[in-house]
Amino acid sequence: MALKTNMIWSVAGASGKTGKSMVAANMAYAMAERGLRVALFDAQDRPGLYSYFGMERPPDALEEIHVPVSGGSLTLVNGAPELLKDGRGGLIGDFSKGHSVVVDIGFPESPEALDFMAASDASVIVTTPSSEAVHSAYALLKAFVFRRITVLFSDNDFIMDLIRQDTDPRNFGNARRFSDICSDIAVEFPDAAGRAFMEIEGFRPRLIINMAETDEDVLAADAFKKAVGQFLSHNIEYVG
């Protein structure tokens, strides 16, 4: 994957123990070794990135720690979940003006975390081949899509009610693909359906299947990629 300066990368995990924090730490370290100035934000509810850099105890909240690295520079900002609600307008955005920024957002269940993914320049979603992790990653992608559409049409009661119906798992006629939601919206609001499509068209996260060891694991990864492609109506980049 391309590593460019002055970008904000969000790294999300499908569930616990997927190796998401390891991916975030390695991404930041690799960027710094290439000569970039990098800021790594630990925005998990339970910060843990400090352990990847030889620290036995978590630093104080929002403490900036210089991590020794050859080439460029790496700054770890610990305990930053509250910064997600500021998006690009707060401290994370300030750092991005002079750094490449990697933000470990954990499993983004809150609206603020999902909105931060949308505000990022690029996103990485980490999962494992286990059925639980794959289902969790798929749920994360769907949650992001539904959040973006909800934000987009929060002032349209008809579309909001339609989204609730389409996303209700108890409704046997609920939408199985994002294009189904667009089709339902287009019945009454053709222009709004186009806006919804354009909103999600730009969401192209990178996918990492971690801890894949067997042929069955590879098949599980392929099936997941196919399912995501069908739901989003476009392919996402499979990193490895």
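The legends below describe several close-up views of a predicted model.

**View 1. Strand β5 and its buried residues.** Strand β5 covers residues 100-106, and seven of its seven residues are buried, so the strand is largely enclosed by the rest of the structure. In a regular strand the side chains alternate between the two faces of the sheet. In β5, S100, V102, D104 and G106 point one way, while V101, V103 and I105 point the other way, and all of these residues are buried.

**View 2. The strands that pair with β5.** Strand β1, which spans residues 8-13, runs parallel to β5 and is joined to it by five bridges. Strand β2 also pairs with β5 in the parallel sense, again over five bridges. V102 of β5 can serve as a landmark in this view, since W9 stands opposite V102 and L40 likewise stands opposite V102. A further point of reference is V103 of β5, which has F41 standing opposite.

**View 3. Strand β2 and its pairing with β4.** Strand β2 is made up of residues 37-42, and five of its six residues are buried, so this strand is largely enclosed by the rest of the structure. Strand β4, formed by residues 73-77, runs parallel to β2, and five bridges join the two strands. F41 marks the pairing with β4, where F41 stands opposite V77, and F41 also marks the pairing with β5, where the residue standing opposite is V103.

**View 4. F95 in helix α2.** F95 is found in helix α2, a helix that covers residues 91-96. With a relative accessibility of 10%, F95 counts as buried, because the limit for a buried residue is under 20% relative accessible area. Leaving aside neighbours within four places in sequence, F95 is in contact with A39, F41, E64, V77 and V101. The C-alpha atoms of F95 and L40 are separated by 9.8 Å, although these two residues are 55 residues apart along the chain.

**View 5. K20 in helix α1.** K20 has its place in helix α1, which comprises residues 20-33, and K20 is buried, with a relative accessible area of 8%. The side chain of K20 makes a polar contact with the side chain of S21, at 2.9 Å. When residues up to four places away in sequence are not counted, K20 touches V11, A12, G13, Q44, D104, G106 and V126. Of these partners, D104 and G106 point the same way from β5, together with S100 and V102.

**View 6. N78 in the loop after β4.** N78 is placed in the loop between β4 and α2, and N78 is buried, with a relative accessible area of 2%. The residues that N78 touches, not counting those up to four places away in sequence, are D42, P47, Y50, P58, P59, D60, A61, L62, E63 and I65.

**View 7. Helices α3 and α4.** Helix α3, made of residues 111-119, packs against helix α4 at an angle of about 85 degrees, with the two axes 10 Å apart. That angle makes α3 roughly perpendicular to α4. On the α3 side the contact is made by P111, L114, D115, M117 and A118, and on the α4 side by L140, A143, F144, R147, R148 and V151. V151, which lies in helix α4, counts as partly exposed at 36% relative accessibility. V151 and D115 are 36 residues apart in sequence, and their C-alpha atoms are 9.1 Å apart in space.

**View 8. Helices α4 and α7.** Helix α4, which covers residues 131-152, packs with helix α7, which covers residues 190-201, at an angle of about 135 degrees and with their axes 10 Å apart. The two helices are therefore oblique to each other, and α4 passes α7 in a right-handed crossing. In this packing V145, R148, I149 and L152 of α4 meet R195, A196, E199 and I200 of α7. R148 can be used to connect this view with the preceding one, since R148 is also among the residues of α4 that make the contact with α3.

Technical notes: Residues numbered from 1 in each chain as written. Predicted model: local features only at pLDDT ≥ 70, side-chain atom pairs only at ≥ 80, totals over all residues. Heavy atoms only, no water. Helix = DSSP H or I, 4+ residues; strand = E, 2+ residues; numbered from the N terminus. Buried < 20%, exposed > 50% of the residue type's maximum accessible area, 1.4 Å probe, protein only. Polar contact = N/O pair within 3.5 Å; in protein donor to acceptor, adjacent residues only side chain to side chain. Contact = heavy atoms within 4.5 Å. Pairing = 2+ DSSP bridges. Axes fitted to C-alpha atoms, helices over the stretch in contact; angles between N-to-C directions. Parallel < 35°, antiparallel > 145°, perpendicular 65-115°, else oblique. Left-handed = near helix turned anticlockwise from the far one by under 90°.
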